[in-house]
Amino acid sequence: PGKFEISQNYPNPFNPSTTISFSIPKTGFVTLKVYDINGREVKSLISENMNAGKYEVNANYSELNSGVYFYKLNVSGDANYSDTKKLMLVK
C-alpha cells in the first residue's frame with residue numbers, strides 16, 4: 001500500500017460482529033482499539049509489530065451493549081499515523 005488508511009467498518013450498524021480493514025505502508029507497532037462514547041477502552045483488537053500490508057480484523061462484540069463506539073488505529077515507528085472512526089452496535 002502507498003499510504004496509511006483505515007476503512008469504515010462493515011456492516012455498520014452491526015450485530016454482533018463487524019470487519020475493520022486498514023493498510024499500512026511501513027512496518028510499525030500497530031494498535032487497534034475500540035472505545036465507548038465516554039472514551040473508555042472496551043476492546044483491544046491489535047497490539048503488535050506488523051509489516052507493511054493490507055489487513056482485515058473481524059471481531060465479535062456480543063459482550064457490549066447497543067450504542068455508538070469508536071475504533072482507533074495507531075501506528076508508531078518510522079512514520080506515525082493515527083485515525084479514528086465511528087461504529088454502531090444495534091442489538
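**Exercise 1. Contacts of I46**

Task: In this predicted model, find which residues I46 touches, leaving out those up to four places away in sequence, and decide whether I46 is buried or exposed.

Solution:
- Start with the place of I46, which is in strand β4.
- Next, list the contacts: I46 touches F22, V30, T31, L32 and V57 once residues up to four places away in sequence are set aside.
- Now turn to accessibility. The relative accessible area of I46 is 8%, and buried means under 20%, so I46 counts as buried.
- For a distance to try in your viewer, take Y61, which is 15 residues from I46 along the chain; their C-alpha atoms are separated by 15 Å.
- While you are looking at Y61, note K43, which lies over the face of the Y61 ring at 5.4 Å from the ring centre.

**Exercise 2. The sheet around β4**

Task: Work out in what order the 4 strands of the open sheet lie and which strands are at the edges.

Solution:
- Recall first that strands of a sheet pair through backbone hydrogen bonds, either parallel or antiparallel.
- Here the order is β4-β3-β6-β7, and the pairing is antiparallel.
- The edge strands are β4 (41–50) and β7 (81–89), each of which pairs on one side only.
- On average, neighbouring strands of this sheet are turned by 15° against each other, with direction ignored.
- Zoom in on one pairing: strand β3 (residues 28–36) is joined to β4 by 8 bridges. One bridge to look up is that of G28, whose partner in β4 is M50.

**Exercise 3. An aromatic pair**

Task: The structure holds 3 aromatic pairs. For the one formed by F4 and Y81, find how the rings are arranged and which parts of the chain the pair ties together.

Solution:
- The ring centres of F4 and Y81 are 4.8 Å apart, with 5° between the planes.
- Planes under 30 degrees apart count as stacked, and the F4–Y81 pair is indeed stacked.
- F4 lies in the segment before β1 (5–6) and Y81 in strand β7, so the pair ties together parts 77 residues apart in sequence.
- Check burial too: F4 and Y81 are both buried.

**Exercise 4. N80**

Task: Locate N80, and decide whether N80 is buried or exposed.

Solution:
- N80 is found in the loop between β6 (67–77) and β7.
- Its relative accessibility is 62%. Since the cut-off for exposed is over 50%, N80 counts as exposed.
- A polar atom of the N80 side chain lies 3.4 Å from the backbone nitrogen of G77.
- Finally, the C-alpha atoms of N80 and K26 are separated by 9.8 Å, with the two residues 54 apart along the chain.

Notes
Residues numbered from 1 in each chain as written. Predicted model: local features only at pLDDT ≥ 70, side-chain atom pairs only at ≥ 80, totals over all residues. Heavy atoms only, no water. Pairing = 2+ DSSP bridges. Helix = DSSP H or I, 4+ residues; strand = E, 2+ residues; numbered from the N terminus. Axes fitted to C-alpha atoms, helices over the stretch in contact; angles between N-to-C directions. Buried < 20%, exposed > 50% of the residue type's maximum accessible area, 1.4 Å probe, protein only. Contact = heavy atoms within 4.5 Å. Phe/Tyr/Trp six-rings, centres within 6.5 Å; stacked < 30°, edge-to-face > 60°. Lys NZ or Arg CZ within 6 Å of the ring centre and 35° of its normal. Polar contact = N/O pair within 3.5 Å; in protein donor to acceptor, adjacent residues only side chain to side chain.
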